Amino acid sequence: MIPTVEWKDGVVRLLDQSRLPNSVEILECRDYQTVARAIRELKVRGAPAIGVTAALGVALGAQAVQGPTMELFTKAVFGICQELAATRPTAVNLFWAIDRMKRVLSACQENPVALVKQRLLEEAQTILEEDIAINRAIGTHGARLLQDGQRILTHCNAGALATAGYGTALGVVRAAWEQGKQIHVFADETRPVLQGARLTAWELKQDGIPVTVMTDNMAGALMRQEGIDVCIVGADRIAANGDVANKIGTYAVAVLAHVHGLPFYVAAPSSTVDLNTPTGDAIPIEQRDEQEVRTINGGPAVIPDGVAVWNPAFDVTPAKYVTAIITEKGIVRPGYEELQSII
Ligand code: MRU
């Protein structure tokens, strides 16, 4: 598959997800401001992917800083970190990746600026490569939970497109598929931005994994009438008590899964666990532009002018509805105290 994000010849290249599935376009970012805009406008999205992209954005920005002294260079790069951190508030991976870049900068203060620029780029590339390896490990652990012939419901896109590659929830699906398990994915379309319809369906189709898309309000009927065996989603932030922030609508899927006695799994790298956030109530939820709700994918308005809309990008699923959290370090079960020891 085309990489979601990569560094090539001094440029951060992003697969522009706002254009999928109708057009496959690469956005070339030659300055960190373009990277920041791409994150804000969901040209790149998904918690691990925005972390990796922000790290590359810091490295890109640093290359252009002409600070004659280390002090001025450091100040400028910290400013870049701050701007990139202000792009989206919910996915903790963004702050985690930027903090890693800041730590490298702080540790290299005795070195020449040229060397520090090189170290920052190396760190960003390491974060990218690690992400793919982590997702493969999540896939290996998670595939044990899936049986041949199962029907799997997912929400939003927690796939290769949401990461540097392979995916988290869809990494589990991919790993099971690679083991020869004949599975079928049901993808919620995921209003308002349609990550399920546009992105999950696109990337599973690329891999030949059977996928059916339905609107979000069909999940309950699907579970009751047609049968779903298991739900798997990704996460933007997991609080210390196991509460999970993920794409708006995830909570409804979790409650439906609970009512129908279905396992509800969350697949995420350990960098998504935020021990500084005690419960889901403390997770900042991004409110996005109302235009996303007023139209469907930028088409004509579907809501009368002047009528108010509400557009939170994420919701919180209480830990009590989460059957297990699949990380690269293994499968964590309730009551989630174990999260403390995997970080
Ligand atoms: O607004 P988005 O598209 O960035 O939201 C993405 C999600 O909610 C994903 O499910 C989450 O980031 C996990 S991605 C592996």
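Biologist: What makes Cys156 count as buried?

Modeller: This is a predicted model, and in it Cys156 has 6% relative accessibility. Buried means under 20% relative accessible area, so Cys156 counts as buried at 6%.

Biologist: And where does Cys156 sit?

Modeller: In the loop that runs between strand E4 (151-154) and helix H6 (169-178). Its phi is positive, about 65°, although Cys156 is not a glycine. Asn297 is another non-glycine residue with a positive phi, near 55°, and it belongs to the loop between helix H10 (291-294) and strand E12 (314-317).

Biologist: How many disulfides does the structure hold?

Modeller: Zero. Take Cys29: the nearest cysteine sulfur belongs to Cys81, 17 Å away. A disulfide needs two cysteine sulfur atoms within 2.5 Å, so at 17 Å Cys29 is in no disulfide.

Biologist: How do you know that Cys108 is in no disulfide?

Modeller: By the cut-off again. For Cys108 the nearest cysteine sulfur is that of Cys81, 13 Å away. The pair would have to be within 2.5 Å, therefore Cys108 is in no disulfide.

Biologist: Are Cys29 and Cys108 buried or exposed?

Modeller: Cys29 has 0% relative accessibility and Cys108 has a relative accessible area of 8%. The limit for buried is under 20%, so Cys29 is buried, and so is Cys108.

Biologist: On to the ligand. Why is the approach of Gln195 called a polar contact?

Modeller: A polar side-chain atom of Gln195 lies 2.8 Å from an oxygen atom of the ligand. The cut-off is 3.5 Å for a pair of N or O atoms, so 2.8 Å qualifies. Asp236 has a side-chain N or O atom 2.8 Å from a ligand oxygen, and a polar backbone atom of Ala47 is also 2.8 Å from an oxygen atom of the ligand.

Biologist: How much of the ligand's accessible area does the protein cover?

Modeller: 99% of the 420 Å² that the ligand has on its own. The space taken by the ligand is the largest cavity.

Biologist: Which residues are closest to the ligand?

Modeller: Arg45, Arg88, Asp236, Asn246 and Lys247, out of 17 that surround the ligand. Helix H2 (47-64) and strand E9 (244-247) each supply at least two residues of that shell.

Biologist: Last one: which peptide bonds are cis, and at what omega?

Modeller: One joins Leu20 and Pro21, with omega about 5°. Another runs from Pro334 to Gly335, with omega near -5°. Pro21 is in the loop between strand E2 (11-15) and strand E3 (26-29), while Gly335 is in the loop between strand E14 (330-332) and helix H11 (339-342).

Key: Residues are numbered from 1 along each chain as its sequence is written. This is a predicted model: local features need pLDDT of at least 70, side-chain atom pairs count only at pLDDT 80 or more; totals for chains, interfaces and linings use all residues. Side-chain values use heavy atoms; hydrogens and water are left out. Buried means under 20% relative accessible area, exposed over 50%, partly exposed in between (1.4 Å probe, protein chains only). A residue is near a molecule or strand if one of its heavy atoms lies within 4 Å of it. A polar contact is a pair of N or O atoms within 3.5 Å; within protein, one must be able to donate a hydrogen and the other to accept it, and residues adjacent in sequence count only if both atoms are side-chain atoms. Accessible areas come from the Shrake-Rupley method with a 1.4 Å probe; for residues, only the protein chains shown count as cover. On a 1 Å grid over the protein atoms alone, a cavity is a set of points where a 1.4 Å probe fits but cannot get out, and a pocket is an open set with protein on both sides within 12 Å along at least five of seven lines; lining residues have an atom within 4 Å of a point. A molecule sits in a cavity or pocket if more than half of its atoms lie within 2 Å of its grid points. Helices (H or I, at least four residues) and strands (E, at least two) are DSSP runs, numbered from the N terminus.
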